[in-house]
Amino acid sequence: MISTGLLRCGANTLDLNQVRPFANLPAQHPLTTAIDSFVWLADLKAAGTPKSAEAAVRLLETWIADREVAAETAPSAILCAPTRLRTCLANGDLLLNGCDVATFEQFSDLLSRDVGTLETAVTKGTLAPVDLARALMALVLSSLVLEGCEDLGHLNETALAAALDSAIHPDGSPVSRSRDDAIDLMRDLIPVIRMHSFLDRDVPSAMTTARGRTMRFLKTLHIAGATFAGFGRIERPMD
């Protein structure tokens with residue numbers, strides 16, 4: 001469990017209590033994608049322990065020092081960027097009190113580069129339907145939260161409506177037929193919808209439709225006895 005300092009995904013575990021836990025990780029390490037997606041940041045915030053913020057800052061600093069270059073050139077980079085953006089924008093307040101100015105500037109630069117990476121990928125038109133929808137959701141969330149990204153909103157919300165329709169079948173299953181993709185889509189949709197509501201903006205109907213369809217699909221899996229592995233948590237039935 002991450003609250004004890006162990007990062008766990010399936011049978012793979014990484015001890016975060018090491019001085020430099022992300023140093024010298026092999027390119028094909030089973031936890032690389034999870035590490036580079038910053039899912040550990042969300043788990044630390046959820047843990048809610050007094051040392052969560054301190055641990056989050058330490059891990060951010062060691063990730064910048066030991067993983068950033070490798071992460072940006074890894075084959076999985078484009079797949080990690082939407083989750084990293086969403087996780088940082090939704091949980092980044094955990095870092096605010098403990099970061100020094102230099103580290104926070106590096107963190108901000110990282111988010112800006114992720115936005116640029118996703119914009120380029122969307123423009124190229126080579127992303128699979130689910131990946132395109134996730135990239136556009138990250139860009140829409142960025143337009144609502146990040147200073148200087150406001151202009152990303154309108155055009156990407158229009159494109160997102162079409163992307164969600166292409167990525168999610170009427171029965172709520174993703175076109176990839178992947179349970180994990182369905183969970184990721186839901187995790188992406190929730191903060192974007194909540195941020196629209198928080199800012200007193202109308203939530204685009206395409207997002208609420210996609211959320212409803214995906215939730216019905218996930219509930220169907222739950223009723224059928226499927227279980228969901230939460231990152232850093234013991235596998236359990238979905239609530």
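In what order do the elements of the chain run from the N terminus on? With the whole chain of this predicted model selected, start at the N terminus and follow the elements, which run β-β-α-α-α-α-α-α-α-α-α-α-α. The secondary structure comes to eleven helices and two strands. Colouring the 239 residues of the chain by burial gives a second overview, since 46% of them count as buried. If you then turn to contacts with a separation of 6 or more, residues 24 or more positions apart account for 66% of these contacts in the chain.

**First stop: the aromatic rings**

How many aromatic pairs does the count come to? The count comes to four aromatic pairs, and the tour visits two pairs, beginning with Phe22 and Trp40. Select these two residues and look at their rings, which form a tilted pair at 6.1 Å centre to centre, with 40° between the planes. This pair links distant parts of the chain, because Phe22 sits in the loop between β2 (12–15) and α1 (32–36) while Trp40 belongs to helix α2 (residues 39–47), 18 residues apart. Are Phe22 and Trp40 buried or exposed? Phe22 has a relative accessible area of 0% and is buried, and Trp40, at 1% relative accessibility, counts as buried as well.

Next, select Phe38 and Trp63, whose rings form an edge-to-face pair at 4.8 Å centre to centre, with 85° between the planes. Phe38 lies in the loop between α1 and α2, whereas Trp63 lies in helix α3 (residues 52–66), so this pair ties together parts of the chain that are 25 residues apart in sequence. Both Phe38 and Trp63 are buried. Now show Phe22, Phe38, Trp40 and Trp63 together, and you will be looking at one aromatic cluster.

**Second stop: helix α2**

Keep Trp40 in view and extend the selection to the buried residues of α2, which are Val39, Trp40, Leu41, Asp43 and Leu44. Then step just past the end of α2 to Gly48, which takes a positive phi of about 65°.

**Third stop: α3 against α7**

Return to Trp63 and select the helix that holds it, α3, together with α7. The two helices pack at an angle of about 65°, with their axes 11 Å apart, and that makes α3 roughly perpendicular to α7. The crossing in which α3 passes α7 is left-handed. Which residues of α3 meet α7? On the α3 side they are Leu60, Glu61, Trp63 and Ile64, and on the α7 side they meet Thr103, Gln106, Phe107 and Leu110. Trp63 therefore appears twice on this tour, in the pair with Phe38 and in the contact between α3 and α7.

**Fourth stop: α7 against α8**

Leave helix α7 (residues 101–124) selected and add helix α8 (residues 129–145), which packs with α7 at an angle of about 135°, with the axes 10 Å apart. These helices are therefore oblique to each other, and their crossing is left-handed. To see where they meet, display Val115, Leu118, Glu119 and Val122 in α7, and opposite them Leu132, Ala135, Leu136, Ala138, Leu139 and Ser142 in α8.

**Last stop: two cysteines**

How many disulfides does a search of the whole structure find? The search finds zero. Select Cys99, which is buried with a relative accessible area of 14%, and then Cys149, which counts as buried at 11% relative accessibility.

Definitions and conventions
Residues are numbered from 1 along each chain as its sequence is written. This is a predicted model: local features need pLDDT of at least 70, side-chain atom pairs count only at pLDDT 80 or more; totals for chains, interfaces and linings use all residues. Side-chain values use heavy atoms; hydrogens and water are left out. Rings of Phe, Tyr and Trp (its six-membered ring) pair if their centres lie within 6.5 Å; planes under 30 degrees apart count as stacked, over 60 as edge-to-face and the rest as tilted. Helices (H or I, at least four residues) and strands (E, at least two) are DSSP runs, numbered from the N terminus. Buried means under 20% relative accessible area, exposed over 50%, partly exposed in between (1.4 Å probe, protein chains only). A disulfide is a pair of cysteine sulfur atoms within 2.5 Å. Axes are lines fitted to C-alpha atoms, for helices over the stretch in contact, and angles run from 0 to 180 degrees between N-to-C directions. Angles under 35 degrees count as roughly parallel, over 145 as roughly antiparallel, 65 to 115 as roughly perpendicular and the rest as oblique. A crossing is left-handed if the near helix is turned anticlockwise from the far one by less than a right angle, and right-handed if clockwise. Contact means heavy atoms within 4.5 Å.
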